[in-house]
Amino acid sequence: QVQLVESGGGLVQAGGSLRLSCAASGRTFNNYAMAWFRQAPGKEREFVAAITRTRTNYAESVKGRFAISRDNTKNTVYLQMNSLKPEDTAVYYCAASLDLFRAADGYDYWGQGTQVTVSS
């Protein structure tokens with residue numbers, strides 16, 4: 001069982017930056033692929049980025065602006081978001097799985113989400 005708790009969301013102006021954190025419970029954190037998804041009102045949950053021990057994967061819409069990283073000593077995964085745009089506004093969710101997927105149904109564990117709002 002893995003429990004995930006996100007933090008770091010907030011309100012930021014377009015062009016600004018935010019860093020999201022996701023703290024995970026459990027002693028086998030480094031075995032899991034970790035991902036960030038987001039869901040805007042009225043839209044489906046969409047893949048943002050994912051990381052394993054050896055690779056990362058990004059949605060095209062965030063490449064070059066967002067960076068995912070992990071600190072296995074702290075059981076934490078991060079999402080550094082730069083050059084934010086109003087269309088990045090969404091609830092951001094952290095997820096964990098034993099393999100890297102770009103589809104939400106590939107993930108077994110989810111956090112409660114953190115709101116990111118980008119004003120124009």
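User: What makes the sheet of strands 1, 3, 8 and 7 an open one with edges?

Analyst: In this predicted model, 4 strands form an open sheet in the order 1-3-8-7, with antiparallel pairing. Strand 1 (4–7) and strand 7 (66–71) each have a single partner strand, so one side of each is left without a neighbour in the sheet and they stand at the edges. Neighbouring strands of this sheet are turned by 15° against each other on average, direction ignored.

User: How do you know that strand 3 and strand 8 are paired?

Analyst: Pairing requires at least two bridges between the strands. Strand 3 (residues 18–24) and strand 8 (residues 76–81) are joined by 6 bridges and run antiparallel, so the criterion of at least two is met. One of the contacts places leucine 18 with methionine 81 as its bridge partner in strand 8.

User: Why is cysteine 22 called buried?

Analyst: Buried means under 20% relative accessible area. Cysteine 22 has 0% relative accessibility and therefore counts as buried. This residue is found in strand 3. Its C-alpha atom is separated by 5.2 Å from that of valine 77, although the two residues are 55 apart along the chain.

User: Why is the contact between arginine 38 and aspartate 88 called a salt bridge?

Analyst: The rule asks for a side-chain nitrogen of Lys or Arg within 4 Å of a carboxyl oxygen of Asp or Glu. For arginine 38 and aspartate 88 the closest N and O atoms are 2.9 Å apart, so the pair satisfies the rule. Arginine 38 lies in strand 4 (residues 33–39) and aspartate 88 in the loop between strand 8 and strand 9 (90–97), so this salt bridge ties together parts that are 50 residues apart in sequence. Both arginine 38 and aspartate 88 are buried.

User: How do you know that aspartate 88 belongs to a network of salt bridges?

Analyst: Aspartate 88 also forms a salt bridge with arginine 65, where the closest N and O atoms are 2.8 Å apart. Because arginine 65 sits in the loop between strand 6 (56–58) and strand 7, and aspartate 88 in the loop between strand 8 and strand 9, this pair ties together parts that are 23 residues apart in sequence. Arginine 65 is buried, as is aspartate 88. Salt bridges that share partners join Arg38, Glu46, Arg65 and Asp88 into one network. By the same rule, the count for the model comes to 4 salt bridges.

User: What makes glutamate 60 exposed, and what is the class of its salt-bridge partner, lysine 63?

Analyst: Exposed means over 50% relative accessible area. Glutamate 60 has 60% relative accessibility and so counts as exposed. Lysine 63, with a relative accessible area of 46%, is partly exposed, since that class lies between under 20% and over 50%. The closest N and O atoms of glutamate 60 and lysine 63 are 2.8 Å apart.

User: Which residues of the largest pocket lie closest to its centre, and what makes up its lining?

Analyst: The largest pocket has a volume of about 170 Å³. Of the 13 residues that line this pocket, the closest to its centre are Arg38, Lys43, Glu46, Glu87 and Asp88. The lining divides into 2 nonpolar, 3 polar and 8 charged residues.

User: Why is strand 5 called mostly covered, and which strands does strand 5 pair with?

Analyst: In strand 5 (residues 46–51), 5 of the 6 residues are buried; each of these therefore has under 20% relative accessible area. Strand 4 and strand 5 are joined by 5 bridges and run antiparallel, with alanine 35 opposite alanine 50. In their hairpin, which has 6 residues between the strands, glycine 42 takes a positive phi near 75°. Strand 5 also pairs with strand 6 in the antiparallel sense over 3 bridges, in a hairpin with 4 residues between the strands. Alanine 49 has tyrosine 58 as its bridge partner in strand 6.

User: How do you know that strand 9 pairs with strand 10, and what are the bridge counts with strand 4 and strand 11?

Analyst: Strand 9 and strand 10 (residues 109–110) pair in the antiparallel sense over 2 bridges, so the requirement of at least two is met. Here alanine 95 stands opposite tryptophan 110. Strand 4 and strand 9 have 7 bridges, with phenylalanine 37 opposite tyrosine 93, and strand 9 is joined to strand 11 (residues 114–119) by 3 bridges. In strand 9, 7 of the 8 residues are buried.

Definitions and conventions. Residues are numbered from 1 along each chain as its sequence is written. This is a predicted model: local features need pLDDT of at least 70, side-chain atom pairs count only at pLDDT 80 or more; totals for chains, interfaces and linings use all residues. Side-chain values use heavy atoms; hydrogens and water are left out. On a 1 Å grid over the protein atoms alone, a cavity is a set of points where a 1.4 Å probe fits but cannot get out, and a pocket is an open set with protein on both sides within 12 Å along at least five of seven lines; lining residues have an atom within 4 Å of a point. Grid points are joined across faces, edges and corners, and a volume is the space filled by probe spheres set on the points. Ala, Val, Leu, Ile, Met, Phe, Trp, Tyr, Cys and Pro count as nonpolar, Asp, Glu, Lys and Arg as charged, and the others, Gly among them, as polar. Axes are lines fitted to C-alpha atoms, for helices over the stretch in contact, and angles run from 0 to 180 degrees between N-to-C directions. Buried means under 20% relative accessible area, exposed over 50%, partly exposed in between (1.4 Å probe, protein chains only).
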